[in-house]
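Reader: Got a minute? I'd like to go through this one with you.
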Amino acid sequence: MKISLNLSKIINQIAIDAGREIIKIYNKPFTAKMKKDRSPVTKADLVANKLICAALENINPKIQIISEEGKKSLHSKTNIFWCVDPLDGTKEFIKKNGEFTVNIGLIKNGRPIHGVIYSPVKKEIFYTLNKCAYSAKISSKNIYSKKKQIKVKPKNNLKDRVLLLSRSHARNIELSKKHFRTNKVKYSGSSIKFCYIANGLGNIYPRLGPTMEWDTAAGHAILNAAGGSIKTLDRKVLKYGKQGFKNPSFLARS
Ligand SMILES: [Mg+2]
C-alpha cells in the first residue's frame, strides 16, 4: 500500500480525532483500572482504540491491526499490518502532565514504513510522507500551521548530546549519563521522545527492558524518515512482527 498525500492526511486525521475524544475524558474526572500486565488503562484508551480501529478498517479492511487495547495477534499470515497504541503514556495521562500521545504505525516486511504521533495537549502532530518526516500544529478547525520538515541533528562532541529518558521508567540516571558521556538530560513521557530526536531536540534515547511493538512503530517510522535510527543492543535494526510483538532493549539515536 502506497501512502499518498491524501491517505496520509486521512491517517493524520484519525489520530487527531482520537486525540479529541481523549481530551474530552482528560478534562473530566476519570478512573483507571489495572490490566493483567499491571499497566493502567482508562476509558480514554478504549474510546480512542475503537475510533482508530474502525477508521483504519474503513481505509482497507484487509489490513490487520495490532493494538495495545485490541487484537494482539494476526489471524492470518501477512507482510503488512497496522501497529496502534491509541494512548501511549497512560501513566502521564493519569498524572495529568500532558505527556501522552496517539500512535499509528504501518509495518511492511518487518519495517515501519509510515507513522503518525499526535500530542492532543500540545496539539502537535509528527508524521511521515514520502520518506520524509514533518511536524505541524493543529488548530481547532483541523488546520495545519507551522508545518515543517524535521531532521535529526547529530552532535560531533559526545558531551553535547542530549540524552532522553522516560519520566516513568528512568533508572540508573547517573549511570546513563556516565555511559553516554553527557550531562544533558531531558525527561519526557511516552513516544514523544522519538519526536524529540527526529526534530533535533534530543540525540539518544536508551530503553532498557521490554517494550511492545506498538510503543515504537510510529516513532520508529518518524525517526527513520528524519535520518535517525533504532537499533537493538547488538546493533541490529529493530524489526517488527516478532513473536508476541515484544521488543528487546534498544537505543534510538540521531
Ligand atoms: Mg497505550
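Author: Sure. Keep in mind that this is a predicted model. Let's begin with the outward side of helix 2: the exposed residues Lys43, Lys50 and Asn58 sit on the face turned away from its buried side.

Reader: And which residues of helix 2 are buried?
Author: Ala44, Asp45, Ala48, Asn49, Ile52, Cys53 and Leu56. Looking down the axis of helix 2, they fall within an arc of 145°, so they line one face.

Reader: Why would spacing like that work in general?
Author: An α-helix has 3.6 residues a turn, so residues three or four places apart point the same way.

Reader: What covers the buried residues of helix 2?
Author: Several elements, including helix 1 (5-26), strand 4 (80-88) and strand 5 (101-108). Strand 2 (40-42), strand 3 (64-67) and helix 3 (90-95) are also among them.

Reader: How many residues does helix 2 have, and what does it span?
Author: It has 17 residues, 43-59. First C-alpha to last is 25 Å, close to the 24 Å expected.

Reader: Which residue caps its N-terminal end?
Author: Thr42. One of its side-chain oxygens lies 3.1 Å from the backbone nitrogen of Ala44.

Reader: Switching topic. What coordinates the magnesium ion?
Author: Glu68 through OE, Asp85 through OD and Leu87 through O, at 2.0 to 2.2 Å. Along the chain the donors follow the spacing E-x16-D-x1-L.

Reader: Where do Glu68 and Asp85 sit?
Author: Glu68 is in the loop between strand 3 and strand 4, and Asp85 is in strand 4. They are 17 residues apart, and the pair links distant parts of the chain.

Reader: Are those two buried or exposed?
Author: Both Glu68 and Asp85 are buried.

Key:
Residues are numbered from 1 along each chain as its sequence is written. This is a predicted model: local features need pLDDT of at least 70, side-chain atom pairs count only at pLDDT 80 or more; totals for chains, interfaces and linings use all residues. Side-chain values use heavy atoms; hydrogens and water are left out. Helices (H or I, at least four residues) and strands (E, at least two) are DSSP runs, numbered from the N terminus. The expected span of a helix is 1.5 Å times one less than its number of residues. Buried means under 20% relative accessible area, exposed over 50%, partly exposed in between (1.4 Å probe, protein chains only). The arc is that of the directions from the helix axis to the C-beta atoms. Contact means heavy atoms within 4.5 Å. A polar contact is a pair of N or O atoms within 3.5 Å; within protein, one must be able to donate a hydrogen and the other to accept it, and residues adjacent in sequence count only if both atoms are side-chain atoms. Donors are N, O and S atoms within 2.8 Å of the metal (3.2 Å for Na, K and Ca); water is not among the atoms, so sites may look incomplete.
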